[in-house]
Amino acid sequence: PLPQGERGESPHPQPLSQGERGERPYPQPLSQGERGGVGDEGEELAFQLHLPAFAGALVSAALAFLTFGGGDFTPLNLTLWGVAILLTVRAFSPLSLFRLEWLRGVIRRLQKPEWQVRITRWTVLLFLIALVLLFFRFYRLAEVPPEMVSDHAEKLLDVAEVLEGKWHIFYPRNTGREAFQMFLTAAMAKLFGTGLSFLSLKLGTALAGLLTLIYLYLLGKEIANRRVGLFAVTLAGVSYWLNVITRVGLRFSLYPLFVAPTLYYLIRALRRPNARDFILCGLFLGLGLHGYSPFRLVPFVVVAAVGLALIHRATPAQRRAMLIGLMIVAVVSLIVFLPLLRYALQNPEMFFYRGLTRLSDLEKPLDRPALQIFFNNLWRALIMFFWNNGSVWVVSIPGRPALSVVSAALFFIGGLLVLVRYLRRFAWQDLFLLVSIPLLLLPSVLSLAFPDENPILNRTSGAIIPVFLLAALGIEALIRPFEAAFQRGWRRSLGWLLAFCLLGLSIAQDYDLIFRQYYTQYAQSAWNTSQMGKIIQQFASTIGTPDTAWVIAYPYWVDTRLVGMNAGFPLKDYAIWPDQLELTLAYEGPKLFIVKPEDAAGLEALQRLYPWGSWQEQRSPWEGKNFYLYFVPPATTRIPGEANP
């Protein structure tokens, strides 16, 4: 049984003891000025639609919709879109809801002649945890993982278009991608001077991971207390799962990034309905749809949350408040989604192509009945946390669980306790925490045509949020008995000692998973294009030029675009096929060719065209990754048939 203060729907938690202050199971009651909604306190949502602003929003949205028809962002349609968003916000709320009171408070403190800094044990703990999380986010970021794959090449080519001023709403390359990461990476490249590189991609996704943790902490505080928020952030922040998807530099981290604030503002709004939280939920819901395509299922998660809250509410006023709130979320998110909505209506085959190839037989026939594949996929996804997270080496260590041993055990404990609590208290938040996990796993589960792609850590990454909240509730449940049994003295701290030991074990295991196991298997699986790029860069900056080096193409070998990107020439593809080698005779000066050892045709063609050239084997620290360098000195370059000097 959980203590009185933990009961899911208790409007008046029991008073906390001195040692527990600040560890409330629910947030402090709102002040009179903050109230205005139906929720745990029972007030009714004071809702007034500002008709002039709403009319202006509709006009601006209609004009923006028309001007988005070209498929690009322009100063005109961006202005119209921005006006539509601002007027929509104004239509649903008084402007006073968004006054920056916190900023005025900061300014007042800065103007004081003397500053007082209060350092508590909680402050020190937060600081230490923040250092650990920053370490896991940025330690060896350039090296782990070490190599790019073809998806990275596609993204960097899209980013290059952004930097050239081609601001597309949807980038059609490689079956199509939303634009958010392209603009984020372009900003990183400009801000940090990292250019079109793997590091630019990683910086953007690593920062996305940090923002995710901030909202995960707030969500933990909202559903329980600040301790749960801290435990959730720590377990998620060091986890192999979140670190892998943020370090790989692809769009995957945008899924949990927008799930966290969407759920945070939604749960706040449903517990104490107010216009501001519903609006912010809609803003993040709309933005998330510009990020990573699995997020397209999150609107169904929002509807599920509202539905559960409606079922568990008693009064018509409460239901009315939540239905109005759902309407606000829908309208705001639709306005934010507007550019992609126009693109989807104009180009449905491109916008939905990637998802339909996984869901239907568009690309590959289903090998079994769809319902049978679905339930099999669902089962495999639900046990991925402690069994098998899939076989895609780019985003996972194939064949191992998605969670560490500690996190998996705590997740099981937390899930079981929340289920028992729901059966006893019937709190909709508890049921939603449990239901949200399979819903957020659906982007992976619905891979019916390619069931071998399920489970996969990137398409399931939205579930990171509820999974680690349950794990944090598991730690909290282990601490509570010590505090209940010992009112004071050192034995009361045994619960915290146990929590720190569990966190320490989780940190140690996740560190090994990320920086040793994942790094090693990734390096063994990916082609060493960075090594080739570095050699070409050295050649071009000394005796050769960027145009007198080539990689002889070979099936299922390196992506030659990545060689150019690693060499510092991101728009140059260094591929040349053996039957095209005669074209290189037109170039003067030293020449360098990179050849796969198994490419007998390529080596034969080089020796025929440049018999005076020399070759050497370039070794790699990873098995099967060696390659040949064939160097042609300038003084002996001759067209076949000419006499050698």
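Mentor: A salt bridge here is a side-chain nitrogen of Lys or Arg within 4 Å of a carboxyl oxygen of Asp or Glu. This is a predicted model, where local features need pLDDT of at least 70, side-chain atom pairs count only at pLDDT 80 or more, and totals for chains, interfaces and linings use all residues. Residues are numbered from 1 along each chain as its sequence is written, and side-chain values use heavy atoms, with hydrogens and water left out.

Trainee: Why is the link between Arg421 and Asp430 called a salt bridge?

Mentor: The closest N and O atoms of Arg421 and Asp430 are 2.7 Å apart. The cut-off is 4 Å, so the pair qualifies.

Trainee: What makes Glu617 and Arg619 a salt bridge?

Mentor: Their closest N and O atoms are 3.8 Å apart. That is within 4 Å, so this pair counts too. In general, side chains of opposite charge can pair when their charged atoms come close.

Trainee: How many salt bridges does a search of the whole structure find?

Mentor: The search finds 26. Some are linked: Glu154, Asp158, Glu161, Arg173, Asp559 and Arg561 form a network of salt bridges.

Trainee: Arg421 and Asp430: are they buried or exposed?

Mentor: Both are buried. Buried means under 20% relative accessible area, exposed over 50%, and partly exposed in between, with a 1.4 Å probe and protein chains only.

Trainee: Why is Arg619 called exposed?

Mentor: Arg619 has a relative accessible area of 59%. That is over 50%, so the word fits. Its partner Glu617 has 35%, and that value falls in between, so Glu617 is partly exposed.

Trainee: What makes Phe426 partly exposed?

Mentor: Phe426 has 48% relative accessibility. That is not over 50%, so Phe426 stays in the middle class. Phe426 lies in the loop between helix 18 (405-425) and helix 19. Helices (H or I, at least four residues) and strands (E, at least two) are DSSP runs, numbered from the N terminus.

Trainee: What is notable about the phi of Phe426?

Mentor: Phi is near 55°, a positive value in a residue other than glycine. Most residues other than glycine have a negative phi, and most peptide bonds are trans. Thr175 also has a positive phi, near 70°. Thr175 sits in the loop between strand 1 (170-171) and strand 2 (177-178).

Trainee: Which kind of peptide bond runs from Val144 to Pro145?

Mentor: The bond is cis, with omega near -5°. Pro145 lies in the loop between helix 4 (121-138) and helix 5 (150-163).

Trainee: How do you know that strand 3 and strand 4 pair?

Mentor: Two strands pair if DSSP finds at least two bridges between them. Strand 3 (residues 549-552) and strand 4 have two bridges, so they meet that limit. Their sense is parallel. Val551 stands opposite Ala575 in strand 4.

Trainee: Why do strand 4 and strand 6 stand at the edges?

Mentor: Five strands form an open sheet in the order 4-3-5-7-6, with mixed pairing. Strand 4 (575-576) and strand 6 (614-618) each have a single partner strand, so one side of each is left without a neighbour in the sheet.

Trainee: What makes a group of residues a nonpolar core?

Mentor: A nonpolar core is a set of buried Ala, Val, Leu, Ile, Met, Phe, Trp, Tyr and Cys residues joined through side-chain atoms within 4.5 Å. The largest one here has 138 residues, and Phe385 is among those with the most contacts inside it. Helix 10 (residues 254-271) gives the largest share of this core, 13 residues.
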